Amino acid sequence: MSTSLYPLASLAQIEKTPSREDGIPEELELDLRAFGCKLIHEAGVLLRQKQVAVATAQILFQRFWYVTSMKQFGIGDIGMGALYLASKLEECQIRMRDLINVYDLLLQRTSHRLKHPSGTSSSGVPCPEFKYVPMSYFGNTFYDLKDALVVAEMQILKRLGFNVHVVLPYGTLVNYLRVLGLTEREDVSNKAWGYLNDARTPVYALYAVPTIVSAAILLATRQLGITLPSSPECCWWELFDAEWEDVWSVAGHVMRLYRDRDPEEQARVLSLVSKKGVRLWLEDNVP
């Protein structure tokens, strides 16, 4: 990781992540990263956690996979540990038991979706609706998840070298919209804010905040048909020290989240939430 105000992945880490060195394809790794961040977001909503804590957890989650392989730790466990750690960092701590309960619900729902991907059986009969079965506090499930949470938090701190400083982009977005004269356009603000919330991509571990904010503004204004100065003599992103190639790359990362995925791709991701699932997949698919 670089030693700037906030850590960014080095070129060597970007070109060959630990997961790719273990045989996980790049597209699959990106899908697993996105799904792990989605679980963090859903857990944050159910826990009524602050958005700053959820965003911080997603950024720590993305950084972690530039120093560790998904063969060693499951995305569910690390996501749970990242949200717990981020809640401490943002001083809005949550109870360990509440977090474990929420993640148990999310993991059960993931297993249900894996068993019934289409909502109907092969004979056309509707599949049963998902019903959460609370765990027993005297059973193994609770203590296994508790151990996984403690280990995940410890490993995030250890492998990131306790460098868990995160700079969130929301204040920068407000300033940039003011410079561009777009603060009166509520639709632009809402869309750009929404794109910034899509921290399910690795961009927060790859690019500086001004570049990410510029990409969010680019996507929002283009979708709404708003023209900004972009001639060679006067490019609006240059006001914020952003390079066009980097802005375009970040926009591509974000838009990748919205692409359609076939049922087979979705089922594959759902089956690889744990490290056990990843190891079984590697045994079957990597020589």
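The following exercises, with worked solutions, concern a predicted model of a protein chain.

**Exercise 1. Overall form**

Determine how many helices and strands the protein chain holds, and how its radius of gyration stands against the globule rule.

Solution. Begin with the secondary structure: the protein chain contains 13 helices and 2 strands. Next, take the radius of gyration, which is 20 Å; the globule rule gives 19 Å for 287 residues, and the two values are close, so the chain is as compact as a globular protein of that length. The extent of the C-alpha trace along its principal axes is about 65 × 50 × 45 Å. Turn then to burial: 48% of the 287 residues are buried. Finally, consider the contacts with a separation of 6 or more, of which 77% join residues 24 or more positions apart.

**Exercise 2. The packing of H8 and H10**

Classify the arrangement of helix H8 (residues 170-179) and helix H10 (residues 209-224), and describe the residues of their contact.

Solution. The first step is the geometry: the two axes come within 10 Å, with a crossing angle of roughly 60°. H8 is therefore oblique to H10. As to handedness, the crossing of H8 past H10 is right-handed. The second step is to list the participants. H8 contributes Thr 172, Leu 173, Tyr 176 and Leu 177, and these meet Val 209, Pro 210, Val 213, Ser 214 and Ile 217 of H10. The third step is to sort these residues by character, which yields 7 nonpolar, 2 polar and no charged.

**Exercise 3. Two residues of H3**

Establish for Glu 29 and for Phe 35 whether each is buried or exposed, and which residues each one contacts beyond four places in sequence.

Solution. Start with Glu 29, which is located in helix H3 (residues 26-46). Its relative accessible area is 2%; buried means under 20%, so Glu 29 is buried. Apart from residues up to four places away in sequence, Glu 29 touches Thr 17, Ser 19, Arg 20, Ile 24, Trp 65 and Met 70.

Proceed to Phe 35, which also belongs to helix H3. With a relative accessible area of 9%, Phe 35 is likewise buried. Once neighbours within four places in sequence are set aside, the contacts of Phe 35 are Ile 75, Thr 110, Arg 113, Val 269, Leu 270 and Val 273.

As a last step, relate Phe 35 to Ile 24, a contact of Glu 29. Phe 35 and Ile 24 are separated by 11 residues in sequence and by 15 Å in space, C-alpha to C-alpha.

How values were computed: Residues are numbered from 1 along each chain as its sequence is written. This is a predicted model: local features need pLDDT of at least 70, side-chain atom pairs count only at pLDDT 80 or more; totals for chains, interfaces and linings use all residues. Side-chain values use heavy atoms; hydrogens and water are left out. Axes are lines fitted to C-alpha atoms, for helices over the stretch in contact, and angles run from 0 to 180 degrees between N-to-C directions. Helices (H or I, at least four residues) and strands (E, at least two) are DSSP runs, numbered from the N terminus. Angles under 35 degrees count as roughly parallel, over 145 as roughly antiparallel, 65 to 115 as roughly perpendicular and the rest as oblique. A crossing is left-handed if the near helix is turned anticlockwise from the far one by less than a right angle, and right-handed if clockwise. Contact means heavy atoms within 4.5 Å. Ala, Val, Leu, Ile, Met, Phe, Trp, Tyr, Cys and Pro count as nonpolar, Asp, Glu, Lys and Arg as charged, and the others, Gly among them, as polar. The radius of gyration is taken over C-alpha atoms; the globule rule is 2.2 Å times the number of residues to the power 0.38. Buried means under 20% relative accessible area, exposed over 50%, partly exposed in between (1.4 Å probe, protein chains only).
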